[in-house]
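Me: I'm new to reading protein structures, and I'd like a close look at just one part of this one. Could you walk me through a single helix and what surrounds it?

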Amino acid sequence: MKILVRLPNWLGDMVMSVGFLKQLEEAWPDAEISVIVKEGLQSLLSFFPKTTHHFVFSKKKYKGLKGAYRFGKTIAAKEKFDLFICLPDSLSAAVMGFASGAKIRIGYNKELRNIFLTKSFARRKHIHRVEEYADLLNLFLNRNPLPVSVRLKSNGSINGQIIVNINSEAS
């Protein structure tokens, strides 16, 4: 199985998706999992669970819904996916998944996204964003919620201390 995940656009939300990616990997251990990441956040992926492809989306280059559609088509030209999972709530993210040509496209009900998703789900209220991402997978798999945690991989240490560099660009 080949799975494509549209990661959230914001740094904090993207970090909170790590638990979801780990559960996705556990649900399909032999799957190839690829991600769409907003330009500027791709360096964080070295701290994330292993993924096959990183498709970097530039909002400057691919503006609006038409841009999201064109970007999805560029993905479709490179890879064929069985499953697309849309973590952001935006309509453009669902359009991108539709254009990717994935056979099954899932996400939460919001902003008329149902038109572009093959399965959409109602979001449970009053749960943390970490649980919200994992819950989308649980709803799709029709299983009870599993405990979820966020653990970033460490890619280096100095004198036994773990070094995590979140933003190394100067303003």
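**A close look at helix α4**

Reply: Let's start with how α4 meets a neighbouring helix: α3 passes α4 in a right-handed crossing. Keep in mind that this is a predicted model. In general, two packed helices are described by the angle between their axes and the distance between the axes. Here, α3 (residues 64-78) and α4 (residues 91-100) pack at an angle of about 30 degrees, and their axes are 7 Å apart.

Who is touching whom? On the α3 side you'll find L65, A68, Y69, F71, G72, K73, I75 and A76, and on the α4 side L91, S92, V95, M96, F98, A99 and S100. Sort the residues of this contact by type and you get 11 nonpolar, three polar and one charged.

Now for α4 itself. Seven of its 10 residues are buried, so α4 is largely enclosed by the rest of the structure. If you want to click through them, the buried ones are A93, A94, V95, M96, G97, A99 and S100. Buried here means under 20% relative accessible area. And what do these residues pack against? Besides α3, their partners are the strands β1 (2-6), β2 (32-38), β3 (54-57), β4 (83-86) and β5 (104-108). Right after α4 ends, look for G101, which takes a positive phi of about 80 degrees.

Those strands deserve a look too. They belong to an open sheet of six strands, in the order β3-β2-β1-β4-β5-β6, with parallel pairing. At the edges sit β3 and β6 (119-121), each pairing on one side only. On average, neighbouring strands of the sheet are turned by 15 degrees against each other, direction ignored.

Let's go along the sheet from β1, which is mostly covered, with four of its five residues buried. β1 pairs with β2 in the parallel sense over five bridges, and with β4, again parallel, over four bridges. A handy landmark is V5: it stands opposite V35 in β2 and opposite I85 in β4. From I85 you can step across to β5, where I106 stands opposite it; β4 and β5 pair in the parallel sense over three bridges.

Finally, back to the helices. α3, the helix we began with, lies across β1, β2 and β3, running at about 160 degrees to β3. Another helix, α5 (residues 129-141), lies across β4, β5 and β6, at about 130 degrees to β5. So in your viewer, try starting from α4, then finding α3 beside it and the strands that its buried residues pack against.

Definitions and conventions. Residues are numbered from 1 along each chain as its sequence is written. This is a predicted model: local features need pLDDT of at least 70, side-chain atom pairs count only at pLDDT 80 or more; totals for chains, interfaces and linings use all residues. Side-chain values use heavy atoms; hydrogens and water are left out. Axes are lines fitted to C-alpha atoms, for helices over the stretch in contact, and angles run from 0 to 180 degrees between N-to-C directions. Helices (H or I, at least four residues) and strands (E, at least two) are DSSP runs, numbered from the N terminus. A crossing is left-handed if the near helix is turned anticlockwise from the far one by less than a right angle, and right-handed if clockwise. Contact means heavy atoms within 4.5 Å. Ala, Val, Leu, Ile, Met, Phe, Trp, Tyr, Cys and Pro count as nonpolar, Asp, Glu, Lys and Arg as charged, and the others, Gly among them, as polar. Buried means under 20% relative accessible area, exposed over 50%, partly exposed in between (1.4 Å probe, protein chains only). Two strands pair if DSSP finds at least two bridges between them.
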